[in-house]
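Please open the model in a viewer and keep the selection panel at hand. The tour below proceeds from one selection to the next.

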Amino acid sequence: MAERQTYGLDDLLGILGHLRDPNKGCPWDRQQDFRSLLPYVLEEAYEVAEAIDQEDMVALRDELGDLLFQIAFQAHLGQESGHFDFPQVVDAICAKMIRRHPHVFGEVELGDAAAVNAHWERLKASERARKSAEIPPGLLDGVAQALPALVRAEKLQRRASRGGFDWDQATEVLDKVREEVDECAETLADGASHRARVHEVGDLLFVAVNLARHLGVDAEQALRAANHRFEKRFRYIEQGLRAQGRAPGIKVRAEMERLWAAAKAVE
C-alpha cells in the first residue's frame, strides 16, 4: 500500500490485512491473538484518558487512533477465526445505541438526564436477562473483571445500591472509613500476617470508594488528580534541591518537607 496524504477506515482494515498476511505480513503482528493484545488495548485506553486529562487535543487525536487500531485488530482476529468481523462490530453498537435511546430514535419521552440514566440501566438489565434466560441474572452480573479496581468497586457498589444495599448518608460511610482505619491500625499493633494486612487495606480502599460515591466524586478521577498533584509537588522538591546542589535522600528529609509545603503554597 503506497503512502499518501489521507487515509480512511477501509485503508486501516486493509493495512491490518497486509500485516496479518501469512506470507508477506509482519512476523510480530502475525503471532498476536486476542489475549496477547489485551495489554495494548488497556494501555491505549489509559493513554486516551491521559490526553483528555491534559487537554492535549493533538495527543488525543493520536491516542484515539492507536485505540482504534487495537479495536480494528481485535475485529480482524474475529474475522480470521470466523466469530465476527468489523462491520458486525459496527452493526452491533449502532443497534445497541438506537435500542438504548428510544427517547431520541423512538417515541419514549424522558424528561431529564436522571430519567435517561434510569431507563438505560433498565434496558441493560433486560439485555442481561435475555442473555442468561436459564439463570436469573444477578445485580452484579456484567461488571467486567478487567476494569481498574477503583472503577470496578464503584460499579459494584452502584449495582448493589439499586438493590437497596447501601448507606443512607455519607456520614455513615465516613464512620465506616474510620472503622476500617482502626482495623488497619490493629494489624500493626498485633503484628498481623501480610494476608491480614492486605485484607484490611482492601476493605479501607473499598469503603473509601463508597465515600467518594456518596459525595458525588469519581474515585478513579480523584485518585488520578491526586497522583498528578503528588508528581507536580515532588518535581518541585527535586528542582529546589537541584538548585542547592543536592538530591533527594533521607539526609535532606527536613528540606524536602519544607519544599513540599512550599509546593502546596504555590498551588
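Begin by selecting F234, in what is a predicted model. The relative accessibility of F234 is 26%, and F234 therefore counts as partly exposed, since that class lies between the 20% limit for buried and the 50% limit for exposed.

Add F230 to the selection. F230 is likewise partly exposed, at 48% relative accessibility. The two residues belong to helix 11, which spans residues 219-243. Because F230 and F234 are four residues apart in that helix, about one helical turn separates them. How are the rings of F230 and F234 arranged as an aromatic pair? They are stacked, with 6.1 Å from centre to centre and 15 degrees between the planes; the pair counts as stacked because planes under 30 degrees apart fall in that class. Now include W260, which joins F230 and F234 in one aromatic cluster.

The model contains five aromatic pairs by the ring-centre criterion. Another of them is found by selecting F69 and F73, whose rings meet edge-to-face at 5.7 Å centre to centre, with 75 degrees between their planes. Both residues lie in helix 4 (residues 57-81), where a spacing of four residues places them about one turn apart. Is F73 buried or exposed? With a relative accessibility of 0%, F73 counts as buried.

Remain on helix 4 and select L68, which also lies in that helix. L68 has a relative accessible area of 34% and is therefore partly exposed. Show L9 and I71 as well: together with L68, they make a nonpolar surface patch of about 230 Å².

Next, move to R100, located in helix 5 (residues 86-100). Its relative accessible area is 10%, so R100 is buried. Which residues does R100 contact, once neighbours within four places in sequence are left aside? They are W120, L123, K124 and E127; displaying these four side chains with R100 shows the surroundings of that residue.

The final stop is A196, in helix 10 (residues 194-214). A196 has a relative accessible area of 26%, which makes this residue partly exposed. Select C184 too and display the C-alpha atoms: those of A196 and C184 are 9.0 Å apart, while the two residues are twelve positions apart along the chain.

Notes:
Residues are numbered from 1 along each chain as its sequence is written. This is a predicted model: local features need pLDDT of at least 70, side-chain atom pairs count only at pLDDT 80 or more; totals for chains, interfaces and linings use all residues. Side-chain values use heavy atoms; hydrogens and water are left out. Rings of Phe, Tyr and Trp (its six-membered ring) pair if their centres lie within 6.5 Å; planes under 30 degrees apart count as stacked, over 60 as edge-to-face and the rest as tilted. Buried means under 20% relative accessible area, exposed over 50%, partly exposed in between (1.4 Å probe, protein chains only). Patches are made of residues with over 30% relative accessible area and no salt bridge: like charges are joined within 9 Å, nonpolar side chains (Val, Leu, Ile, Met, Phe, Trp, Tyr) within 5 Å. Accessible areas come from the Shrake-Rupley method with a 1.4 Å probe; for residues, only the protein chains shown count as cover. A salt bridge is a side-chain nitrogen of Lys or Arg within 4 Å of a carboxyl oxygen of Asp or Glu. Contact means heavy atoms within 4.5 Å.
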